[in-house]
Amino acid sequence: PAQSVREAIGFIGFLLTGGFLLVSLRVQLELARVVVTPIALGLLLVARLSPAGADADALSALGRVHISLATLGVALFALASAMASIYLMKDRSLRGKRFDTMSFRGAGASLESLDRMGHVLVWVGFPIFTLALVLGAVWVSRLGASFVRIEYPIALVTWGCFAALLGARQLWGWRGRRAAKLTLAGFAAALVVLAIYLVRRAIG
């Protein structure tokens with residue numbers, strides 16, 4: 001993932017798909033295929049169509065670790081967001097009493113299970129992403145580069161969303177739809193950061 005933005009996005013797609021397959025070994029997630037498959041395909045298409053990028057041989061070890069950890073953290077957030085999306089779709093069907101085949105085929109994943117899996121993924125991904133941000137700040141400082149770049153505050157928004165999610169869950173018992181929506185908001189901010197890097201790479 002430290003080689004280029006293309007490789008980082010492809011790696012996120014790989015981890016998203018692999019994580020889904022691992023989770024599916026324990027819990028039946030028929031509906032997840034409808035969510036994960038197009039997301040993974042979209043990530044791979046974006047990776048394939050994005051510029052290859054310059055040679056990263058000059059990238060320091062600190063930079064490589066920062067980028068790799070950030071990519072791993074975002075991949076875990078992506079899988080948590082997939083669980084959140086499935087939760088909201090299934091919850092909407094239940095509330096509207098639309099017991100369609102797509103939502104309840106192979107009903108092995110209850111709303112509680114989806115909520116719990118999403119929480120575990122965020123709980124694992126958050127310290128990884130936090131460490132990536134800290135190392136990124138150290139890396140930028142050592143390079144003597146400016147911190148005035150639009151993606152930095154947006155990355156902090158991503159961190160803030162997931163920090164708020166974990167805190168609200170612990171302090172006020174946030175579960176269900178509120179937790180799912182905040183998970184999606186945090187991942188959306190992470191996608192904006194990736195989009196900025198892609199655009200910057202495309203225009204040189």
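Start with helix 1 and helix 3: select both and look at how helix 1 passes helix 3, in a right-handed crossing. Keep in mind that you're looking at a predicted model. Helix 1 covers residues 5-24 and helix 3 covers residues 61-95, and the two pack at an angle of about 45° with their axes 9 Å apart. That angle makes helix 1 oblique to helix 3, because angles from 65 to 115 degrees would count as roughly perpendicular and those under 35 as roughly parallel.

Now show side chains at this crossing. On the helix 1 side, pick Ala 8, Phe 11, Ile 12, Leu 15, Leu 16, Gly 19 and Phe 20. Facing them from helix 3 are Thr 71, Leu 72, Val 74, Ala 75, Ala 78 and Leu 79. Colour them by type and what do you get in the contact of helix 1 with helix 3: how many nonpolar, polar and charged? The split is 11 nonpolar, two polar and no charged.

Next, zoom out to the whole protein chain. There are seven helices and zero strands, so to speak a plain α-α-α-α-α-α-α when read along the sequence. Of its 204 residues, 44% count as buried. Draw the contacts between residues at least 6 apart in sequence, and 80% of them join residues at least 24 apart.

Time to go inside. The largest nonpolar core holds 52 residues; select Leu 29, Val 74, Met 83, Leu 114 and Met 117, the ones that touch the most other members. Val 74 is one you've already met, in the contact between helix 1 and helix 3. Which helices each supply at least two residues of this core? They are helix 1, helix 2 (30-49), helix 3, helix 5 (111-143), helix 6 (151-172) and helix 7 (176-203). Helix 3 gives the most, with 16 residues.

Stay on Met 117 for a moment. Leaving aside residues up to four places away in sequence, Met 117 touches Val 23, Val 27, Leu 29 and Met 83. Then hop over to a second, separate core of five residues, and select Ala 155, Ala 189, Val 193 and Ile 196 among them.

Last stop: Val 157, which you'll find in helix 6. Is Val 157 buried or partly exposed? Partly exposed, because its relative accessible area is 45%, and buried would mean under 20%. Finish by measuring from Val 157 to Gly 186 in your viewer: the two are 29 residues apart in sequence, and their C-alpha atoms are 7.2 Å apart in space.

Technical notes: Residues are numbered from 1 along each chain as its sequence is written. This is a predicted model: local features need pLDDT of at least 70, side-chain atom pairs count only at pLDDT 80 or more; totals for chains, interfaces and linings use all residues. Side-chain values use heavy atoms; hydrogens and water are left out. Axes are lines fitted to C-alpha atoms, for helices over the stretch in contact, and angles run from 0 to 180 degrees between N-to-C directions. Helices (H or I, at least four residues) and strands (E, at least two) are DSSP runs, numbered from the N terminus. Angles under 35 degrees count as roughly parallel, over 145 as roughly antiparallel, 65 to 115 as roughly perpendicular and the rest as oblique. A crossing is left-handed if the near helix is turned anticlockwise from the far one by less than a right angle, and right-handed if clockwise. Contact means heavy atoms within 4.5 Å. Ala, Val, Leu, Ile, Met, Phe, Trp, Tyr, Cys and Pro count as nonpolar, Asp, Glu, Lys and Arg as charged, and the others, Gly among them, as polar. A nonpolar core is a set of buried Ala, Val, Leu, Ile, Met, Phe, Trp, Tyr and Cys residues joined through side-chain atoms within 4.5 Å. Buried means under 20% relative accessible area, exposed over 50%, partly exposed in between (1.4 Å probe, protein chains only).
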